[in-house]
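Good morning, colleagues. Today I should like to speak about charged side-chain pairs and cysteines. Please look at the display before we begin.

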Amino acid sequence: MDQNRFLQNRFILSELVKKGIRLKYRRSYLGIVWSLLEPLLTTAVLTIVFGTLFANKDPKFPVYILSGRLIYSFFSQGTTSALKSIRANSSLIKKVYVPKLLYPLSCILFNYIIFLISLIVMGLLCVIFKVTPTWHIVEALIPLFNLLLITTGCGLILSTVGVFFRDMEYLWTVLLMLVMYASAIFYKPERLLNSGYGFILKLNPLYCVISDFRQCVIYGKSPYFHVYSLYAFIFGVVSIAVGLWAFKKNEDKFILNI
């Protein structure tokens, strides 16, 4: 792709990202504020319910829950919107030539921007619950980067599958629920990890990202050379490679199936 073509596509991608953000809050009075308010309210409910259920007295438990909740929400919303992106833009695809790859990518990127904005809430909670920041907080960029890789790879695969297999939307909703429970969002994973079912968490790349992010932000530890970081990175790179291959191989058939 020559430089002019790249610059043109970059502009189109940025416009699609802006459009996605505008449409997400088009009929919302709170707008982007809802991205800050919703995880806060959810965290309050989950803290009360699961803090009581598991008799958890950890003063940092609300921050623990919020960190997992924010990461999972981005993965869920990013992959789901990418899954629907081609068919959602079918009228535009049939009329105007735009590289089809930009549609799922823009869905993932605008959700990532909203996710980064929502981290403001986590910063406030860290102050309220006296989570002392260390220099390791900078290393949280590693799991956040791995999160973007994993979501992009899964999103590209789903965007291709979703064109030919319409029921994937319903199946993915069920799979997301399983991913949520296997991500240790609202419970401590030690007991499960020490049982015979610890592999359920270890094989879930989203749990690896959440675990690394918590280590950096809440517990002041480094994710460098951590097996979770390596696994999440490899999973993300491989899924992107598979997603790009599948997308490019089938994109000419999309117009016949949307």
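How are E15 and K18 separated in helix α1? They are 3 residues apart within that helix, which spans residues 3–24, and this amounts to about one helical turn. I should say at once that we are looking at a predicted model.

With that spacing in mind, consider the contact itself. E15 and K18 form a salt bridge, and their closest N and O atoms are 3.5 Å apart. Both partners fall into the intermediate class of accessibility: E15 is partly exposed at a relative accessible area of 30%, and K18 is partly exposed at 44%.

How many salt bridges does the model contain? The count is 3. Let me take the other pairs in turn.

In one of them, R87 and E169 meet through their side chains, with an N to O distance of 2.4 Å. Which parts does this pair tie together? R87 belongs to helix α3, residues 61–88, while E169 belongs to helix α7, residues 168–181; the salt bridge therefore links parts that are 82 residues apart in sequence. As for the surroundings, R87 has a relative accessibility of 22% and counts as partly exposed. E169 also stands at 22% and is likewise partly exposed.

Next comes the pair K248 and E251, whose closest N and O atoms lie 3.9 Å apart. The cut-off for a salt bridge is 4 Å, so this pair qualifies. Is each partner buried or partly exposed? K248 is partly exposed, with a relative accessible area of 47%. E251, by contrast, is buried, at 16%.

I turn now to the cysteines. How many disulfides are there? The count is 0. Why does C126 form no such bond? The closest cysteine sulfur to that of C126 belongs to C216, and it is 12 Å away, which is too far for a bond. For reference, the cut-off applied to a pair of cysteine sulfur atoms is 2.5 Å. C126 is itself buried, with a relative accessible area of 11%.

C154 is in no disulfide either, since its nearest cysteine sulfur, in C208, lies 13 Å away. C154 also counts as buried, at 13% relative accessibility.

To close, the model has 3 salt bridges and 0 disulfides. One of those salt bridges joins helix α3 to helix α7 through R87 and E169. Thank you for your attention.

How values were computed: Residues numbered from 1 in each chain as written. Predicted model: local features only at pLDDT ≥ 70, side-chain atom pairs only at ≥ 80, totals over all residues. Heavy atoms only, no water. Helix = DSSP H or I, 4+ residues; strand = E, 2+ residues; numbered from the N terminus. Buried < 20%, exposed > 50% of the residue type's maximum accessible area, 1.4 Å probe, protein only.
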